[in-house]
Amino acid sequence: MISVFGSLVSDEEIANVVACMQSQWMGFGGQVADFEKKYQEKFQLPSFAMVDSGSNALYMAVRLLDLPAQSEVIVPSFTWVSCAQAVILAGHNPVFCDVDLQTMNVRAKDLAAKISEKTAAVMVVHYAGLPVEMKPILDLGYPVIEDAAHAVDSIHHDQACGTIGDVGIFSFDAVKNLTVGEGGGITARNPEWIERAKVLRYCGIGKSGFDSAMSNAKSKNRWWEYNIQEPFIKMLPTNLAANIGIAQLDRIDALQARRKEIWEIYQSELRHIPDVICPPDANSGDRHSYFTYCIRVPRRDELAHYLLEHQIYTTLRYHPLHLNPLYRQTEKRLSNCEQLNEDALSIPLHPRMSDEDVAKVIEELKRFYR
Ligand SMILES: Cc1ncc(COP(=O)(O)O)c(C=O)c1O
């Protein structure tokens, strides 16, 4: 089966994990800081903290904004559930907005249509890794949470996606461009926010891990005591995950080059199928991360089943949140999200795909629409 998403792990990741296990300290420790430094330098972020998932990074991001209780955060409906859950868990209300049919990204006018006197912040998602047009969104004047879960390595107007709003998050889960198994990261324009995040991520205590415990013992009488700074959950990343991330960072340019290669083959081959609407490339000067290749097609469900029968697994990211029974809102329809719910489909794109896999996907698409 050719999978829609996938990672590519090398001997370096495996060696790093083995060395970490042999060190007998797999939990939070110094290698998390090593990964953070390396990641921050690679993508030129103003600040960066690793956490245990992109979903938790989103919750952290909302909390860092210190918004008034029960205020509203506008969230594109065409996104992963964590975007809405983070808002709710932080004590606010998500208000869903539409996205653009071509880019599948949220636009300033989609957000503006949902502004009320309770609006306290807006969220953007760089869908598939295509940078959102940020300037008009920043001009709305609200704090901006940037979900760059798909956009590791994406650049908009010379800035890394995730660093343009007030606070940005990344996902390093099993299928993302840079994977650590499960993991995430958070960046903020104000580095003090990330210092706070590093305290919050360990139950609001801050000091954590074997190394700091040992150094405390040398410098403090009752080294087991600590001051809790704020009530917070635990979202500590592990040395094990950081070790995988360090190796992935060494190879990220090659992994991205392979994604780009596959993307470009799809762009040149699939445009010849009149039924297939291909996704847009990034604007000149911007950089796409090629996380997923999402086409729009007639008879979408039939196509998905046909491809599955031919050993090609596809999916839709995402079932619009405003259609989910948990969030179902009585307000106006979000027609573009609903259109995407009927005709959008992600086809396989990941660095483990062989040239034969790519050719097979193209061939089966051509055959289905012949
Ligand atoms: C847009 C978006 N935001 C956030 C997340 C959450 O990331 P994680 O899986 O690391 O929790 C995902 C995961 O797929 C995502 O696609």
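Helices and strands are DSSP runs numbered from the N terminus, and with that numbering in hand the tour of this predicted model can start at a loop.

**The loop between α10 and α11**

Select Gln311 to begin, and you will find this residue in the loop between α10 and α11. Is Gln311 close in space to Ile2, and what distance separates their C-alpha atoms? The two residues are 309 positions apart along the chain, yet their C-alpha atoms are separated by 6.1 Å. If you then show what surrounds Gln311, leaving out residues up to four places away in sequence, you will see that Gln311 touches Met1, Ile2 and Lys360. Gln311 counts as partly exposed because its relative accessible area is 39%, and the class called partly exposed lies between the 20% and 50% limits.

Stay in this loop and move to Tyr313, which lies between α10 (300-309) and α11 (335-343). Tyr313 is also partly exposed, with a relative accessible area of 38%. Add Met1 and Leu308 to the selection, and the three residues together show a nonpolar surface patch of about 310 Å².

**The ligand site**

Now select the ligand and display the residues around it, of which there are 15, the closest being Ser55, Asp147, Ser171, Lys176 and Tyr318. Three polar contacts are worth drawing as distances. From Tyr318, a polar side-chain atom lies 2.3 Å from an oxygen atom of the ligand. From Ser171, an N or O atom of the side chain is 2.7 Å from a ligand oxygen, whereas in Gly54 a backbone N or O atom lies 2.8 Å from an oxygen of the ligand. With a surface switched on, note that the protein covers 92% of the 390 Å² of accessible area that the ligand has on its own.

**Helix α11**

Go next to α11, where Asn336, Cys337, Glu338, Leu340, Asn341 and Asp343 are buried. What covers these buried residues of α11? The cover includes β3 (93-97), β10 (293-296), α10 and β11 (344-347).

Within this helix, centre the view on Glu338, whose side chain meets that of Arg333 in a salt bridge with an N to O distance of 2.6 Å. The two partners fall into separate classes of accessibility: Glu338 counts as buried at 14% relative accessibility, whereas Arg333 is exposed, with a relative accessible area of 62%. Another selection to make here is Glu363, Glu364, Arg367 and Arg370, which are joined into one network by salt bridges that share partners.

**Salt bridges across the chain**

The structure holds 26 salt bridges, and two further pairs make good final stops. Select Glu36 and Arg201, which form a salt bridge with their closest N and O atoms 2.8 Å apart. This pair links distant parts of the chain, with Glu36 in helix α2 (residues 30-43) and Arg201 in the loop between α7 (191-200) and α8 (209-219), 165 residues apart. Glu36 is buried, with a relative accessible area of 6%, and Arg201 is buried as well, with a value of 5%.

Finish with Arg196 and Asp66, whose side chains meet in a salt bridge at 3.1 Å, N to O. Arg196 lies in helix α7 and Asp66 in the loop between α3 (54-64) and β2 (72-76), so this pair ties together parts that are 130 residues apart in sequence. Arg196 counts as partly exposed at 22% relative accessibility, whereas Asp66 is exposed, with a relative accessible area of 54%.

Terms used. Residues numbered from 1 in each chain as written. Predicted model: local features only at pLDDT ≥ 70, side-chain atom pairs only at ≥ 80, totals over all residues. Heavy atoms only, no water. Patch = residues over 30% accessible without salt bridge, like charges linked within 9 Å, V, L, I, M, F, W, Y side chains within 5 Å. Areas by Shrake-Rupley, 256 points an atom, 1.4 Å probe, with all protein chains shown as cover. Salt bridge = Lys/Arg side-chain N within 4 Å of Asp/Glu carboxyl O. Helix = DSSP H or I, 4+ residues; strand = E, 2+ residues; numbered from the N terminus. Buried < 20%, exposed > 50% of the residue type's maximum accessible area, 1.4 Å probe, protein only. Contact = heavy atoms within 4.5 Å. Near = heavy atom within 4 Å. Polar contact = N/O pair within 3.5 Å; in protein donor to acceptor, adjacent residues only side chain to side chain.
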